[in-house]
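Please read the following explanation with the sequence and the structure side by side, and take the paragraphs in order.

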Amino acid sequence: MARTRSYEDRCGIARALDILGERWALLIVRELVLGPKRFTDLESGLARVSPDVLAQRLRDLEAAGVIARSTLPPPAASKVYELTDRGRELEPVLHALGRWGSTAPVATAEARLGVDAAMVALPTLFSAERAGDLDVSVELQVGENRFGAIVRSGALVLTRGAVIAPDVVISAEPGPLAAVLWHGRKLRDAVASGQLEVSGSRRVAGRFLRAFPLPARRSSAA
């Protein structure tokens, strides 16, 4: 059943929140930005959501036209959820929210970073200025997942799936990858520890990883 609570406000922001304001709704959209997922995949990406709440949010988003159910072609033939055209319009909204929230304090030391959350952060924080003349095809192996990242002409294209003949392959779990990307850990130290592996030019891998800086923190003072 579709969500019935409403702000009863004609403002577009309020009407958007009527659809996306419930807990987990926008994070479900985040999990689907890079392609369709099964219910169990969504559960894995949103480890703290209960199956009942996830099922309800999916029904709400489907009723609102944000997501749709489909079936993958054989041999998989799995039932999956994917963003509709209307749902895909939320991608730049997610990126803007991600940039805004990336300088906020992390809630707890136990807060996790999921695979898709880490990957969606890449286009969120990509800096064409930092990338400069970098022209590279990178395969990111994050746990059991594969993603392709192509940087060309100051733009990033990120897709789910393996890359044919990548220039560089970077393998790591989300935590160690994030440590190098955003928390000041040196690439050489992560490689030496065995928590991150690079196949191909380590210099080019370093240039790629430096193309995703966190925004500067702004003072809260008036």
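Glu139 stands opposite Gly148 in β4, and Glu139 also stands opposite Val169 in β6. The model in which these pairs are found is a predicted one, and the two pairings of Glu139 lead into its sheet. On one side, β3 and β4 pair in the antiparallel sense over seven bridges, while on the other, β3 and strand β6, which covers residues 168-172, pair in the parallel sense over five bridges. A further pair in the parallel arrangement is that of Val142, whose bridge partner in β6 is Ala172. The hairpin of β3 and β4 has two residues between the strands, and in this hairpin Gly143 takes a positive phi near 65°.

The whole sheet is open and has five strands in the order β5-β4-β3-β6-β7, with mixed pairing. At the edges stand β5 and β7 (196-199), each with a single partner strand, so that one side of each is left without a neighbour in the sheet. Direction ignored, neighbouring strands of this sheet are turned by 20° against each other on average. Helix α11, which comprises residues 202-209, packs on the sheet and touches β3, β4, β6 and β7, and the direction of α11 makes about 65° with that of β6.

How many of the seven residues of β3 are buried? Six of them are, so that β3 is mostly covered. Ser137 lies in strand β3, and because its relative accessible area is 11%, under the limit of 20%, Ser137 counts as buried. If residues up to four places away in sequence are not counted, Ser137 touches Ala149, Ile150, Val163, Pro166, Asp167 and Val168.

From the sheet the reader may turn to helix α4, which spans residues 51-63. This helix has 13 residues and reaches 18 Å from its first C-alpha to its last, close to the 18 Å expected at 1.5 Å a residue. Which residues of α4 are buried? They are Leu54, Arg57, Leu58, Asp60 and Leu61. Seen down the axis of α4, these buried residues fall within an arc of 160°, so they line one face of the helix. The general geometry of such helices is helpful here: an α-helix has 3.6 residues a turn, so residues three or four places apart point the same way. The face of α4 turned away from its buried side carries the exposed residues Asp52 and Ala63. What covers the buried residues of α4 includes the helices α1 (12-20), α2 (25-32) and α3 (39-45), together with the strands β1 (67-71) and β2 (79-83). Just after α4, Gly65 takes a positive phi of about 80°.

One of the elements covering α4, helix α2, is itself largely enclosed by the rest of the structure, because six of its eight residues are buried. The buried residues of α2 are Ala25, Ile28, Val29, Arg30, Glu31 and Leu32. Two of these, Arg30 and Glu31, are linked with Lys37, Asp116 and Arg160 in a network of salt bridges.

Within that network, the side chains of Asp116 and Arg160 meet in a salt bridge, with 2.6 Å from N to O. This pair links distant parts of the chain, since Asp116 lies in helix α7 (residues 115-125) and Arg160 in strand β5 (residues 155-160), 44 residues apart. Asp116 is buried, with a relative accessible area of 3%, whereas Arg160 is partly exposed, with a relative accessible area of 30%.

A search of the whole structure finds twelve salt bridges, and two further examples may be described. Asp135 forms a salt bridge with Arg152, the closest N and O atoms being 3.0 Å apart. Here too the pair links distant parts of the chain, with Asp135 in the loop between α8 (128-131) and β3 (136-142), and Arg152 in strand β4 (residues 145-152), 17 residues apart. At 42% relative accessibility, Arg152 counts as partly exposed. In the other example, Arg88 forms a salt bridge with Asp85, and the closest N and O atoms are 2.3 Å apart. Both Arg88 and Asp85 lie in helix α5 (residues 85-88), three residues apart, which is about one turn of the helix. Asp85 is exposed, with a relative accessible area of 58%, while Arg88, at 44% relative accessibility, counts as partly exposed.

Technical notes. Residues are numbered from 1 along each chain as its sequence is written. This is a predicted model: local features need pLDDT of at least 70, side-chain atom pairs count only at pLDDT 80 or more; totals for chains, interfaces and linings use all residues. Side-chain values use heavy atoms; hydrogens and water are left out. Helices (H or I, at least four residues) and strands (E, at least two) are DSSP runs, numbered from the N terminus. The expected span of a helix is 1.5 Å times one less than its number of residues. Buried means under 20% relative accessible area, exposed over 50%, partly exposed in between (1.4 Å probe, protein chains only). The arc is that of the directions from the helix axis to the C-beta atoms. Contact means heavy atoms within 4.5 Å. A salt bridge is a side-chain nitrogen of Lys or Arg within 4 Å of a carboxyl oxygen of Asp or Glu. Two strands pair if DSSP finds at least two bridges between them. Axes are lines fitted to C-alpha atoms, for helices over the stretch in contact, and angles run from 0 to 180 degrees between N-to-C directions.
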